[in-house]
Amino acid sequence: MKRFTFLVPLYLLAAGCATLGTNDVQQQEIQTLKARILELQREAAMNQVEMAQLRQQVAELEARNGGRRPNAASPARPAPSSSAAAPPGATRSAVEPPKSSAPSVRPAPSPAEPIEEVDIELPENEPQPPRRTPPAIPVPAPAKPSAAPPAPSPAPPAAEPAIPDEEPVPETLSPANQVLYDRGYSLYYQGHFVDAETSFQRFLQANPASELADNAQYWIGECRYARNDLKGALAAFRETIERYPKGNKVADALLKSGQCLEGLGDIEGARVTYREVVRRFPGTLTANAAEERRAKLP
């Protein structure tokens, strides 16, 4: 029993030594793999440096040859070293090799053969042959006339045609001003006569020479007439006739003026106004309405 108890610790000690030996082997393999990785990183860095040098040489050749690749049959020149200055227009990244996270290693000389550099004569640099000027052809002198013909008498200037008086071209309405006019028209038929008159007034201030200016002035009189402001309405209708004598609201403004005079008690003035409507606009509905109102006057 004692002997067995003594052998157990020896067995455990041997097992521990074996385990330590295995760990040492694994550590050595890990160190070997790390060293191999470092070596591969160095080789990758060297390859990147060599590729950068090759790209630089190719860029220099293309820049000197006008962007065209050299011909293999042309005479060769030794390639410039990596320390040569970059051509104007080459970027910094084409000269300097890219930085790597691996430890700095001095690059070994490139085993690749140097790239040949060729000078190519461009067509635009070829000398042009001198142009030959054609020989001058003698031109015979014109014969002198025996006698100069008499100069023709100047024709009298033609009379300029009379230019008829042109009517002023009406202004073109903007969408905002058209909305302003339509708003006044809608407010009038809704019974908001004060707001409608204000809208028409604003329209006239913005468009005094538009094709709807006479209509706006007329509807100002209608707004006042609807509020029983007969004097104000009469002034607005008379202004429509005076400011826009060729407008399409002259006949209606004359009829409404007669109604205002009739409401103010000026019967003779109303009769004269109705006769003016019939005289200036015979056969129209407005003239018929004026004749009916004149016939009803006392």
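At 41% relative accessibility, Arg243 counts as partly exposed, and a convenient way into this predicted model is to follow the salt bridge that Arg243 makes. The partner is Glu239, with the closest N and O atoms 3.0 Å apart. Glu239 is likewise assigned as partly exposed, at 31% relative accessibility. Because the two residues sit four positions apart in helix H5, about one helical turn separates Arg243 from Glu239. This pair is a handy local reference for the longer-range pairings described below.

The overall architecture is simple to state. The chain contains eight helices and zero strands, so that, read from the N terminus, the order of elements is α-α-α-α-α-α-α-α. Of the 298 residues in the chain, 24% count as buried. When contacts are restricted to residues at least 6 apart in sequence, 61% of them join residues at least 24 apart.

Attention turns next to the nonpolar interior. In the largest nonpolar core there are 33 residues, and Tyr181, Phe200 and Phe203 are those with the most contacts inside it. Helices H2 (175–189), H3 (193–206), H4 (213–226), H5 (230–243), H6 (250–264) and H7 (267–280) are the elements that each give two or more residues to this core. Nonpolar side chains tend to be buried together in soluble globular proteins. The surroundings of Tyr181 can be listed in detail: with neighbours within four places in sequence set aside, Tyr181 is in contact with Phe200, Phe203, Leu212, Asn215, Ala216 and Trp219.

Helix H4 deserves a closer look. Its 14 residues reach 20 Å from the first C-alpha to the last, close to the 20 Å expected at 1.5 Å a residue. The helix is mostly covered, with 12 of its 14 residues buried. Among the buried residues are Ala213, Ala216, Trp219, Ile220 and Cys223, and also the polar or charged Asp214, Asn215, Gln217, Glu222 and Arg224. The cover over the buried residues of H4 includes H2, H3, H5 and H6. After the helix comes Asn228, which has a positive phi near 70 degrees.

Salt bridges number 10 in the structure. One of them joins the side chains of Arg224 and Glu197, at 2.9 Å from N to O. Since Arg224 belongs to helix H4 and Glu197 to helix H3, this pair ties together parts that are 27 residues apart in sequence. How accessible are the two partners, buried or exposed? Arg224 counts as buried at 19% relative accessibility, a value that falls under the 20% cut-off. Glu197 counts as buried as well, at 11%. The pairing also extends to a third residue, as Glu197, Arg224 and Arg227 are linked in a network of salt bridges.

Another pairing brings in the last part of the helical series. The side chains of Arg293 and Glu262 meet in a salt bridge of 3.3 Å, N to O. Arg293 lies in helix H8 (residues 285–296) and Glu262 in helix H6, so this bridge ties together parts that are 31 residues apart in sequence. Here the partners are partly exposed: Arg293 has a relative accessible area of 31%, and Glu262 has one of 26%.

Helix H6 also carries Gln259, a residue whose contacts lead back to Arg293. Leaving aside neighbours within four places in sequence, Gln259 is in contact with Tyr225, Tyr274 and Arg293. With Tyr225, the side chain of Gln259 forms a polar contact of 3.4 Å. Gln259 is buried, with a relative accessible area of 12%.

Finally, the cysteines were considered. A disulfide is a covalent bond between the sulfur atoms of two cysteines. How many disulfides does a search of the whole structure find? The search returns zero. Two of the cysteines, Cys223 and Cys260, are nevertheless placed in the interior: Cys223 is buried with a relative accessible area of 0%, and Cys260 is buried, also with a value of 0%.

Notes:
Residues are numbered from 1 along each chain as its sequence is written. This is a predicted model: local features need pLDDT of at least 70, side-chain atom pairs count only at pLDDT 80 or more; totals for chains, interfaces and linings use all residues. Side-chain values use heavy atoms; hydrogens and water are left out. A disulfide is a pair of cysteine sulfur atoms within 2.5 Å. Buried means under 20% relative accessible area, exposed over 50%, partly exposed in between (1.4 Å probe, protein chains only). A nonpolar core is a set of buried Ala, Val, Leu, Ile, Met, Phe, Trp, Tyr and Cys residues joined through side-chain atoms within 4.5 Å. Contact means heavy atoms within 4.5 Å. A polar contact is a pair of N or O atoms within 3.5 Å; within protein, one must be able to donate a hydrogen and the other to accept it, and residues adjacent in sequence count only if both atoms are side-chain atoms. The expected span of a helix is 1.5 Å times one less than its number of residues. A salt bridge is a side-chain nitrogen of Lys or Arg within 4 Å of a carboxyl oxygen of Asp or Glu.
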